[in-house]
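Trainee: I should like to take a close look at one part of this model and how its surroundings are arranged.

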Amino acid sequence: MESTVQIKGMSCGHCVKAVDQALRKLDGIKDVKVTIGEAVITTDGPMNETAVREAIKDEGFEVV
Ligand SMILES: [Cu+2]
């Protein structure tokens, strides 16, 4: 399954890398494509939205 989340507060390549690495650590994530302000997340089953939101928040950004 593919889910797209909008992310507030990202501004550069470092932000992209931080979000990418944080999301890849989560269970059930098959692939992640992160750009500034957006992440496209491919999961085995339904995406764990809470885990994604928390992981992004821990990096200092916010899912909108
Ligand atoms: Cu940045």
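Trainee: In which sense do β2 and β3 pair, and over how many bridges? Please continue from there to the helix that lies across them.

Mentor: This is a predicted model. In it, β2 and β3 pair in the antiparallel sense, over six bridges. The two strands belong to an open sheet of four strands, ordered β2-β3-β1-β4 with antiparallel pairing. Its edge strands are β2 and β4 (62-63), each of which pairs on one side only.

Within the β2-β3 pair, Val32 stands opposite Ile41 in β3. Leaving aside residues up to four places away in sequence, Ile41 touches Ser3, Val5, Leu23, Ile29, Val32, Met47 and Val52.

One of these contacts, Leu23, is a buried residue of α1, as are Val19 and Ala22. These three residues are on the same side of α1, because they cover an arc of only 95° around the axis. They are covered by elements including β1 (2-8), β2 (29-35), β3 and α2. The face of α1 turned away from the buried side carries the exposed residues Gly13, His14 and Lys17. As for its placement, α1 lies across β1, β2 and β3 and runs at about 170° to β2. The end C-alpha atoms of α1 are 16 Å apart, in agreement with the 16 Å that its 12 residues should span at 1.5 Å a residue.

Val19, Ala22, Leu23 and Ile41 are among the 12 residues of the largest nonpolar core, which also includes Val34, Val52 and Phe61. Two or more residues of this core come from each of α1 (13-24), β3 (38-43) and α2 (49-58). In soluble globular proteins, nonpolar side chains tend to be buried together.

Methods. Residues numbered from 1 in each chain as written. Predicted model: local features only at pLDDT ≥ 70, side-chain atom pairs only at ≥ 80, totals over all residues. Core = buried A, V, L, I, M, F, W, Y, C linked by C-beta atoms within 7 Å. Buried ≥ 20, exposed ≤ 12 C-beta atoms within 10 Å, placed from the backbone. Contact = placed C-beta atoms within 7 Å. Expected span 1.5 Å × (residues − 1). Arc of directions from axis to C-beta. Pairing = 2+ DSSP bridges. Axes fitted to C-alpha atoms, helices over the stretch in contact; angles between N-to-C directions.
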